[in-house]
Each structure stands twice: as structure tokens, then as C-alpha cells.
Amino acid sequence: MADQNNFRVRRVTFEGDVSTAAGDGTWGHLDGPVATARFGSLDGIALGPAGDLWVADSGHGALRRIDLVQGLVSTVAGGGPSGVEDGPVATARFGSLSNVALDSSGNVFLADASNDRIRKVSTSG
């Protein structure tokens with residue numbers, strides 16, 4: 001789950017145990033190991049077909065991926081200046097992202113609330 005006010009992605013088990021999956025609890029935009037990664041406002045999270053987590057980081061207009069096997073957080077698209085730029089993930093820009101979902105092929109869909117659009121990040125980037 002997205003722990004928005006604590007800038008962390010949390011794991012809750014069926015037994016009710018809560019642990020941190022990623023984030024150090026400090027606002028920011030920092031990729032790398034899950035324990036030291038930083039997030040802005042987390043407004044959406046989805047489980048990918050490979051067991052990874054996809055996060056809509058609206059605080060930075062970024063699509064982030066958490067690879068739980070490798071223990072790494074990476075920015076897939078966005079994260080630069082806010083905007084509404086389509087194209088390759090390296091140059092795509094988003095506004096305030098409010099949710100994320102994946103289809104069975106691994107394409108990512110983002111609700112870009114401030115730009116009034118649903119955006120698609122294809123598996124080919």
C-alpha cells in the first residue's frame with residue numbers, strides 16, 4: 001500500500017503484519033536500494049506481472065518501479081519538470097499522477113489528473 005504521508009510503500013500481510021517495502025520516510029526523489037529510496041506523494045500502486053510494484057509518484061510526476069527481487073527502485077518515466085509530453089520514456093512528462101494500473105501484457109496506464117488524461121507507457125517504452 002502507498003503510505004502517502006510517510007513517503008513509503010508498505011507491505012501488509014493477511015496476518016496483519018506491516019513492514020516497509022521501500023522508502024526511507026523522507027520526501028524526495030531518489031532511486032536505488034529500497035531502504036534508502038525516496039518518494040514524493042504516492043497516489044497509486046499496482047502489482048506487475050513479474051511481481052514488481054509500479055508506483056505513481058505524483059509529488060514528482062514520475063512512474064516508479066520497485067523490483068522486489070533486486071531490492072531496487074527506479075524511475076521509469078517522468079520525474080523532471082511537470083508537463084504533458086508524450087513520446088519515449090526518457091522525455092515523457094506528466095502532471096500530478098493519481099493512479100496506476102497494468103494490463104496482462106505489462107503495459108502501464110496512468111491517470112494524469114492535472115492534465116485530464118489517461119496515459120499509457122507501453123512495454124517498449
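# Chatting through Trp 27, the sheets and the surface

Student: Let's start with Trp 27. What does it touch, not counting residues up to four places away in sequence?
Tutor: Trp 27 touches Phe 7, Arg 38, Phe 39, Gly 40, Ser 41, Gly 59 and His 60, with residues up to four places away in sequence left out. Keep in mind that this is a predicted model.

Student: Sure. Where does Trp 27 lie?
Tutor: In the loop between β3 (18-22) and β4 (32-33).

Student: And is Trp 27 buried, exposed or something in between?
Tutor: Trp 27 counts as partly exposed because its relative accessible area is 47%, and that label covers values from 20% up to 50%.

Student: How far is Trp 27 from Asp 86, C-alpha to C-alpha?
Tutor: Those two C-alpha atoms are separated by 27 Å, and the residues are 59 apart along the chain.

Student: Back to Phe 7 from that contact list. Where is the place of Phe 7?
Tutor: Phe 7 sits in the loop between β1 (2-3) and β2. Its backbone has something to look at too: phi is positive, about 55°, although Phe 7 is not a glycine.

Student: Why flag that?
Tutor: Because most residues other than glycine have a negative phi.

Student: Which residue in the loop between β10 and β11 has a positive phi as well?
Tutor: Asp 116, with phi near 55°. Asp 116 is found in that loop between β10 and β11.

Student: Buried or exposed, that Asp 116?
Tutor: Exposed, because its relative accessible area is 72% and the cut-off for that label is over 50%.

Student: New topic: sheets. What's the strand order in the open sheet of five strands?
Tutor: β4-β8-β7-β6-β5, and the pairing is antiparallel. β4 and β5 (42-47) stand at the edges; each has a single partner strand, so one side of each has no neighbour in the sheet.

Student: How many bridges are there between β5 and β6?
Tutor: Five, with the two strands pairing in the antiparallel sense. One pair to click on is Leu 47, which stands opposite Leu 53 in β6.

Student: What about the turn in that hairpin? Which residue there takes a positive phi?
Tutor: Gly 51, with phi near 90°; the hairpin of β5 and β6 has five residues between the strands.

Student: And the next pair along, β6 with β7, how many bridges?
Tutor: Five again for β6 (residues 53-57) and β7 (residues 62-67), in the antiparallel sense. Here Trp 54 stands opposite Arg 65 in β7.

Student: Now the open sheet of three strands. What's its order?
Tutor: β9-β10-β11, with antiparallel pairing. The edge strands are β9 (97-102) and β11 (117-121), each pairing on one side only. On average, neighbouring strands in this sheet are turned by 20° against each other, direction ignored.

Student: How many bridges join β9 to β10?
Tutor: Five join β9 to β10 (residues 108-112), and these strands run antiparallel. If you want a landmark, the bridge partner of Leu 102 is Val 108 in β10.

Student: Last one, the surface. Which residues form a nonpolar patch there?
Tutor: Met 1, Val 12 and Val 18 do, with about 290 Å² of accessible area together.

Student: Where is the place of Val 12, and what is its relative accessible area?
Tutor: Val 12 is in strand β2 (residues 8-12). Its relative accessible area is 48%, which means Val 12 is partly exposed.

Terms used: Residues numbered from 1 in each chain as written. Predicted model: local features only at pLDDT ≥ 70, side-chain atom pairs only at ≥ 80, totals over all residues. Heavy atoms only, no water. Patch = residues over 30% accessible without salt bridge, like charges linked within 9 Å, V, L, I, M, F, W, Y side chains within 5 Å. Areas by Shrake-Rupley, 256 points an atom, 1.4 Å probe, with all protein chains shown as cover. Salt bridge = Lys/Arg side-chain N within 4 Å of Asp/Glu carboxyl O. Helix = DSSP H or I, 4+ residues; strand = E, 2+ residues; numbered from the N terminus. Buried < 20%, exposed > 50% of the residue type's maximum accessible area, 1.4 Å probe, protein only. Pairing = 2+ DSSP bridges. Axes fitted to C-alpha atoms, helices over the stretch in contact; angles between N-to-C directions. Contact = heavy atoms within 4.5 Å.
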